[in-house]
Each structure stands twice: as C-alpha cells, then as structure tokens.
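Student: Could you take me closely through one edge strand of the sheet in this model, with the criteria behind each term spelled out?

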2 protein chains.
Amino acid sequence: MLRIDENQIVRLLRGRFGARSPSLIQGIGDDAAVLRLRGAREHLVVTTDMLLEGVDFRRSWIAPPELGHKSLAVNLSDLAAMGARPRFFTVALALPADVSEGWIQDFYGGMSILAKRQGAMLIGGDLSRSSSGIQVTITAIGETSGRRVACRSGGRPGDLLFVTGILGKAAAGLALLRQGRTSGRSAAERLALRSHRAPEPRCDAGLWLVGNRFISCMMDLSDGLSTDLPRLCEASGVGAEIHGAQLPVFAEARRWQCDPVDLALNGGEDFELLFAVPERKAARLEKAYPSKYPPISRIGRLRRERDVVWAPSPDLPLRPLAPRGFDHFRNFS
Amino acid sequence: MLRIDENQIVRLLRGRFGARSPSLIQGIGDDAAVLRLRGAREHLVVTTDMLLEGVDFRRSWIAPPELGHKSLAVNLSDLAAMGARPRFFTVALALPADVSEGWIQDFYGGMSILAKRQGAMLIGGDLSRSSSGIQVTITAIGETSGRRVACRSGGRPGDLLFVTGILGKAAAGLALLRQGRTSGRSAAERLALRSHRAPEPRCDAGLWLVGNRFISCMMDLSDGLSTDLPRLCEASGVGAEIHGAQLPVFAEARRWQCDPVDLALNGGEDFELLFAVPERKAARLEKAYPSKYPPISRIGRLRRERDVVWAPSPDLPLRPLAPRGFDHFRNFS
C-alpha cells in the first residue's frame, strides 16, 4: 500500500531530476514551471493538471460543457498564480465506450468558450479509449508580462496575506451535490454549484498583481487554505497567522448546514489567488486594485515563526491551523 | 456507442479551435505543435501523449523502469518527427493504491536515464490516485534547430520515401508477449522485447535530417506504416507507393511464427521516422547520413495519385495498402 504523500514525491523528483539550467527559472514544486528561452522577451510558464472520473468528478454531478471548462480552468488558475497570461494548451482525453459524439462536442464546446475568453489556443493533444472512466489531462502554457513572475517563495515575515474572491463557495457547491441537490433552488445554491462546476481562473487579477509589482509570493487555492498556505509558507521559509473574522466566507452556505469558516479554511477547488504583499505596499494596492476584478481581502500576515496559526475571532488566542484540505495522495489506502 | 475515429475528432477540434495566430506555425493535426515566440531564436515544439494501463500496456508485460522510459520515449519521438531537440517535459501520473513507493522510484528511474541521454528536463507535473489503472500523460517541449521544422505536409509527388531503422521489431516483441514469452531466450527475442518495451526515439536523426534540409515531410511511425503513411499523404496532398522488397523487415520474427512483412506494414510502436526526400537530394543524403544513427532505407516514393499502394515483390503489380495498424478510436465498441 502506498504510504507516500504528494510532498514526498515532489522531493523524490527534485532529487532525481533536479538539474540546474540557465533556461529553468523555476522547476518542480511551484504551481507551474518558468522557462527562459534564448532571445525571448517573455518567460514561458508551463503547468499540467488532470481530472479523473471517480476521483475528481462524477459524471452525474457535472455536465460535459462544465467539465470541459473546469479541466481547462484548473490549469489556467496555475498560470494565474504565476502572473502569466494564458497562450496555449494541449488536451489528452481518454474516453470510455459509453461516451457519445455529442458528449465530446459539448465537452470541447465548454472548453472553447473559456479558452477564447482567456486567450488560450488549443494546439494539440492525444485521444484514447479508456477501459475505466473519463480522464482529462491538460498542459497549459502562458507568458509572463515582461519577465515578471510570481513564485511561492519570496514571502517575508510581516508581509500581509490577501486572497481574491470568496473562499469556500466551491466546497459549498460540493456539499449540495453530496446532499443530492444537483440543481440549485436559490441564487446562492446556483452560485455555489457553479463555483464548484465551472470555476473562473483569476488570470487577469494575477497578471495585474505581478505586472504592477505588488506581491512577494503567490499561489492558487486548489486544495483548501489550510493545506495550501503551509506550502506557500514552506517555499518562502516563513509561517503565517490567519484572522478568522477577516476571511471572506460564503455565509449563505449556512442555509444548507455548512460552517462557512470551515469551508473557507478547508474546502478545496476555490481557485482563488493567495498572495503576500509587503506591508508598505498594502494600502497602495488596495487603492489601485481594479474594481472589475474579484475583490481582495486581507486575511492575515506572514511571520517569522515557522508554524501556521489562526484566531477564530479577535478575542480568541492564536491556535494551530491543521491541514484538513485535499491531498491527492493522503487518501491512498 | 462511440462511432467516431481519431481523424474525425481532429477535424472537429480544428473547426472549433482552429484559430489563426502569427505565433502558431503548426497547430492540431501534426505530430506536434510548433510555436513562434516573440524574439526567440528557435521555434518551440510541443506534444502530448498518454499511456494507459489496460489499453497501451499491461503491468505484467513491462517493468517500471521500462514504462518510465517508454512514456517519455513516445513523446520524444514526436519531437524527433518535427526535427526538434528535446528540452523540457511534464508528467501527469495517476496511480492505483496497489503501487508501491519502490515502483514509483523505478518508474522515474527509467525515465530519468532516457531524459538525461536526450537532454530533456522534468519541469513539473501532477499526481493523483487512480480508481482504475496506472495512467501516464507526458507533455514534451522541444526546440528547433534555428527555425527549421519538419511537418507532415510538404511532400511532393516523386519524392523518395525513407524510414530509419527496422520496421516491425516492436510488434514482434508484442507477439512474443502475447505468446506468453515475457523474457527472451535468444538475442533476437530480447531485441524484439526491448524494442516494444523501451523504444529509442530518433531525436538525433530527426534533428540532423531537418537541420541539413534534406527532407520535404516527416512523421514518426507509432501506429504502423499502413495507418501512418496515409496520414502523411493526406497532409501533403499526395499518394504513395511502397516496395515490399525494400522494406527493412525484422526477419528473425519468423522464428516465432510472425510474417516480417506484415509486421513491418501493420505493426505499431516502432517509433522510427518516415520521411520524404526530393529525388535530386537522395543520393547526397545517403552519402552524408552519419553512420552513428540508425540506418535509413528507401522504401518507395510519393505520387500524384492520391491512393496508397504497394507491391509485395518487384514482379507483382501495385495493390492498395489497407490501413491495418492501430487507431485508438476504431477499437471502440
């Protein structure tokens, strides 16, 4: 039985493949790789993510256009996290025999709408039959603005922590699906379901934040704040404190028996951006940040002590924030 | 039930995503995409291929280091077919719960040996548990020599057709496995098994052929000559004739009841290069071609008539060459 987690595998790969090269600005272990090509004015940013039926989605919970959208969105979100503009992508698709031609059309239809909106071109891929479920693997390639790029490393003690958007909305949608509600009966339910099924990658915001040199480090929230924040901290060699009262939670989820703070801390697949800003730049950022992008919220700060702690409310003491999000390997038996 | 073949899906995608862009030299439908980046001295070449347990391999027929090697090799072969030098790759790996940490080490071990030999760096990837078999999807990125690149299009009537190496060796290895022989008892058997399990991508030869401007079009042989040659012909708007007596066959396969010519025509996974050369350049190519690369053989020529024909021996008339290789979608039920 596999007793190895994702972080261990990343270390294994770094040991075996960790070559240094002037063309490799950032290799394994960040949201995406950053390449410097001879003569090129921009750096290239490359990321790969897969979605597997039975692991990452159920066919009865997501329509083909949404699955096409989401498969691409999770990859573009990694580009957003580096501050890169989407340019190209490939799709490897394995399909079981019970998938119809109409399904394939709808899948690529949803994908192409997002691709066009974000400026990403499909450049190739692979197709195969699958002896089990649907499997989608996408590799997305983006370009930096000039040669500016954001990494998980670079955060310093004292930097303020921000997130885009609302946290826990996608997990609230997943909770609805688990309760058997596949179509929303209220605006809040529909919003939650849509956040889970068709998340919007924050490419514009990421590009703006990096292009305007506000941030010290950044990542996207795919596995939940309590799991992802320690990764940001480890890469930056810092710890962090989170103020629960400042979290932009999805309060409506209470209506379907969810704890909004729990969802915001531990719910996955929000695909919002988590980033740190030197304190002296924070007020300027808040003033300059374009209102057309999803709003940003201060949620805490980085600190010298290497642990990650949080205070549920201002009157309560800081306590350890245990990672309760999704680790793709911890679930192995 | 799915009644759509790979070529139809490629047409569907071209219709939906077929955007024109100055940065896209070659999009969907060749062995790899070719990108022109602002300021860059070389073009970038990108390809994606997946290997699925139960479809492309059986765990009992291939050792973990060989699977690691082969997963990367099939992608590097696509780069070879464009005349690109391997530079970077990503690996998306889904693993069932019964795979051990040692398996993962061995898999990446085999991959890293080939990667180092070919100059390719692992730059990222994704890891997931799988509820079914092992799934490997690799995206490889290469660079052209200058801005020279080979495509499937570009062949002209009269051009001579060549292949590298021996055809049918990998299929001869697969035949052994199907007969229950997982370890070779003779040098020929071991060679055949090794060709099937750990094919060597022809990157050096491809780069040399394109860099020296000998060829008019090129592709790699992954699904068998009788299936791949029509794809080359369609892209070039030509037909072709093949001379059976000139095929570099793997004669030793007769010892295990295989027809070497049938294997050469219809056996998949040789990952040799198939290319066309203007007749006036052919003799010069044969003289200049480095002996350290796998030998090349003239096997026929392109022709104006759009069909693909072959003559089993010089005294027999030309007859249609029916595609009997592997179509990843024709096998759908």
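Tutor: What follows looks at one edge strand, its partner and the helices that lie across it. This is a predicted model, in which local features need pLDDT of at least 70 and side-chain atom pairs count only at pLDDT 80 or more, while totals for chains, interfaces and linings use all residues. Residues are numbered from 1 along each chain as its sequence is written, and chains are lettered from A and ligands numbered from 1 in the order in which they are written. The pLDDT, the predictor's confidence in each residue from 0 to 100, averages 92 in chain A, where 95% of the residues score at least 70.

The strand in question, β8 (217-220) of chain A, is an edge strand, as is β13 (319-320) of chain A, each pairing on one side only. Here strands (E, at least two residues) and helices (H or I, at least four) are DSSP runs numbered from the N terminus, and two strands pair if DSSP finds at least two bridges between them. The open sheet has seven strands in the order β8-β10-β7-β11-β9-β12-β13 (chain A), and its pairing is mixed. With β10 (residues 273-277) of chain A, β8(A) pairs in the antiparallel sense over four bridges, and M218(A) stands opposite F275(A) in β10(A).

Helix α2 (residues 64-82) of chain A lies across β8 and β10 of chain A, running at about 170° to β8(A). Helix α7 (residues 225-236) of chain A lies across β8, β9, β10, β11 and β12 of chain A, at about 150° to β8(A). For these angles, which run from 0 to 180 degrees between N-to-C directions, axes are lines fitted to C-alpha atoms, for helices over the stretch in contact, where contact requires C-beta atoms, placed from the backbone, to lie within 7 Å.

Definitions and conventions. Contact = placed C-beta atoms within 7 Å.
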